[in-house]
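Here are a few friendly notes to read beside the model. Take them one at a time, and find each residue as you go.

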Amino acid sequence: MDRFFCSKDQQNRIRICLPGGGIADVGNAVERCMAGEGQNPVLCLSVGGNDVGKVGSVELFRRFRETLGLIRDRGGVPVVCGVLPRMRKSDEWLSRAMGLNRELALHCERNGWIYVNTWDSFYNMDHLYARDGVHLNFKGVKVLSDALERALNHQQDFLV
């Protein structure tokens, strides 16, 4: 993400990378990450996949709301990437991920934040994933970065 997305605007874009982490871990890192940043830094959150099978849906959405509110309260602009589908996951996992994505999309819309829906770009696209079926490979990161860039450009065009 640094190469494709953050490098285009290093003054205003922040990447939080916590391998194996969940939304609670991101929430804990937000204040530290945002310390000393510029005006209205953009925080792209691509998180939640590790939580879908471990945390109840209501609690998981509450954690997202809390983290997004913290970003807002610290002057940041959250950009939420929906949870990406994963290879070899059950229908239940996929259904819970899609339900979370619907809630996140509505929450972002209500707050004027950017929600990036890339589910269809990654569903059954095994060639975009590393062998583990969870993490994105180089091509997958490029697809996600391009989607983020388009979303931000569209938002800026709309505001002008």
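1. Start with Cys44, which is buried, with a relative accessible area of 12%. Buried means under 20% relative accessible area, exposed over 50%, partly exposed in between (1.4 Å probe, protein chains only). This is a predicted model, where local features need pLDDT of at least 70, side-chain atom pairs count only at pLDDT 80 or more, and totals for chains, interfaces and linings use all residues. Residues are numbered from 1 along each chain as its sequence is written, and side-chain values use heavy atoms, leaving out hydrogens and water.

2. How many disulfides does the whole structure hold? The search finds 0, a disulfide being a pair of cysteine sulfur atoms within 2.5 Å. For Cys44, the nearest cysteine sulfur belongs to Cys81, 5.4 Å away. The sulfur of Cys108 is too far for a bond, because its closest cysteine sulfur, in Cys81, is 9.8 Å away. Cys108 is buried too, with a relative accessible area of 0%.

3. Now look at helix 4 (helices are DSSP runs of H or I, at least four residues, and strands are runs of E, at least two, numbered from the N terminus). Its buried residues include Trp93, Leu100 and Cys108. Among the elements covering them are helix 3 and strand 3 (77-81).

4. Finally, the largest nonpolar core has 25 residues; such a core is a set of buried Ala, Val, Leu, Ile, Met, Phe, Trp, Tyr and Cys residues joined through side-chain atoms within 4.5 Å. Helix 4 gives the most to this core, with 6 residues.

Technical notes. Contact means heavy atoms within 4.5 Å.
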